[in-house]
Amino acid sequence: MKAMLMRGPRPIEERPLEMADLPLPEPGPGEVRLAVRACGICHTDLHTVEGDLALPRLPLVPGHQVVGTVEVCGPGADRFAPGARVGVPWLYRTCGGCEFCRRGLENLCEGARFTGLHADGGYAEAMVVHQDFAYPIPARFGDAEAAPLLCAGIIGYRALRLSGVQPGQRLGLVGFGASAHITIQAARHWGCQVYVFTRSPGHRCLAQALGAAWSGGLEERPPQRVHAAIIFAPAGSLVPATLEHLERGGTLALAGVTMTPIPELDYDRLLYWERTVRSVANFTRADAEALLRLAAEIPIVTQVQTYPLAQANEALLALKQSKIEGAGVLRIR
């Protein structure tokens, strides 16, 4: 099979992914092999190929927003029939027995494995996954349109919940890439008023088209303070600037898998009055199922720019340079 393989981390400008011919993976007990049809690109992929994340294995096939059809079922795998269309997100496997898994917090599992990091992902024509960590894709979504839901959508949904924002309140979104352009649609569905903070004129236009009540830079003053906020960009310098706009008692959720250092915070000015800063770590299978149901109900419309598999380096470079409006997706078939 064809795959974009990473042999070692390098800046994306150096094209660290190379096209390779790899053997078709064989599914083990409880696993299925997918014929991959599309795979979304994500900032986490960029962090992976550039070495911002510790890499548990090399070489590696990245990609964790995978849409494909089941083509081979391993021993005991009976959840999906061959031909079923399913999605595979970031959470690849959990131990199922640790304290966190027993408490329903499998996103915090100390033995968790992640797609495109611990296991080969979707920048390839095929991949294997355990049937319990794959999800039926609602029929109303095309392959490319569904792919961003599987990380950008799920993480945005969990961040939205953890922000504590209530229907009718004001929500701030900082950064307006793939995740935020999905999250705003869920927040608007809940009746929230959304303020979008972004430097990009194109992203501001998209935010307005998707129902933002206001858009501008973090250095600008929105009409009112927000009751909750989510930072999607991996820049710690944005934390104090965002807290300037957060109402008393509000929560700031940090949705990135990694972040540059957060500057010293002025307690009296930025944190007092019971403001909260919290990270968002991965997601649970319940989050994935809930987001896919909600996406079909609204319905969420994902704006995608597609690239062939061979242009994975170019797609990630465009992502790094904020040249993608909405979400980038690799079309595999």
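Let's start with charge: the protein chain carries 32 positive and 32 negative side chains, and the centres of these two sets sit 3 Å apart. Keep in mind as you look around that this is a predicted model.

Now zoom out to the whole chain. It is built from ten helices and 17 strands. Its radius of gyration is 19 Å, close to the 20 Å that the globule rule gives for 333 residues, so the chain is as compact as a globular protein of that length. If you draw a box along the principal axes, the C-alpha atoms fill roughly 55 × 45 × 35 Å. Of the 333 residues, 55% are buried. As for the outside, the chain exposes about 13600 Å², and carbon and sulfur atoms supply 49% of that. Contacts tell you how the chain folds back on itself: among those with a separation of 6 or more, 71% link residues 24 or more positions apart.

A good place to step inside is strand 8, residues 126-130. Five of its five residues are buried, so this strand is largely enclosed by the rest of the structure. Which residues of strand 8 are buried on each side? On one side you'll find Ala-126, Val-128 and His-130, and on the other Met-127 and Val-129; both faces are covered.

From strand 8 you can walk across to its partner. Strand 3, residues 31-40, pairs with strand 8 in the antiparallel sense over five bridges, and here Val-32 stands opposite Val-129. Strand 3 also pairs with strand 4, residues 66-73, again in the antiparallel sense, this time over seven bridges. In that pairing, Ala-38 faces Val-67 of strand 4. Keep going and Val-67 turns up once more, standing opposite Gly-87 in strand 5. Strands 4 and 5 run antiparallel and are joined by four bridges, with strand 5 covering residues 85-88.

Next, have a look at Arg-158, which lies in helix 4, residues 152-162. Is this arginine buried or exposed? Its relative accessible area is 8%, under the 20% cut-off, so Arg-158 counts as buried. Setting aside neighbours within four places in sequence, Arg-158 is in contact with Asn-107, Val-280, Ala-281, Asn-282, Phe-283, Thr-284 and Asp-287.

One of those contacts, Asn-282, deserves a stop of its own. Most residues other than glycine have a negative phi, and most peptide bonds are trans. Asn-282, though, has a positive phi of about 60° without being a glycine. You'll find Asn-282 in the loop between strand 15 and helix 9, and at 15% relative accessibility it counts as buried.

Trp-273 has a positive phi too, near 65°. Its place is in the loop between helix 8 (267-271) and strand 15 (276-279). With 41% relative accessibility, Trp-273 counts as partly exposed.

Where do cis peptide bonds turn up? One joins Leu-58 and Pro-59, with omega at about -10°; Pro-59 belongs to the loop between helix 1 (43-49) and strand 4. Another runs from Ile-298 to Pro-299, with omega near -15°. Pro-299 lies in the loop between helix 9 (285-297) and strand 16 (304-308).

Terms used. Residues numbered from 1 in each chain as written. Predicted model: local features only at pLDDT ≥ 70, side-chain atom pairs only at ≥ 80, totals over all residues. Heavy atoms only, no water. Helix = DSSP H or I, 4+ residues; strand = E, 2+ residues; numbered from the N terminus. Rg over C-alpha atoms; globule rule 2.2 N^0.38 Å. Buried < 20%, exposed > 50% of the residue type's maximum accessible area, 1.4 Å probe, protein only. Contact = heavy atoms within 4.5 Å. Areas by Shrake-Rupley, 256 points an atom, 1.4 Å probe, with all protein chains shown as cover. Lys, Arg positive; Asp, Glu negative; His and termini not counted. Charge placed at Lys NZ, Arg CZ, Asp CG, Glu CD. Pairing = 2+ DSSP bridges.
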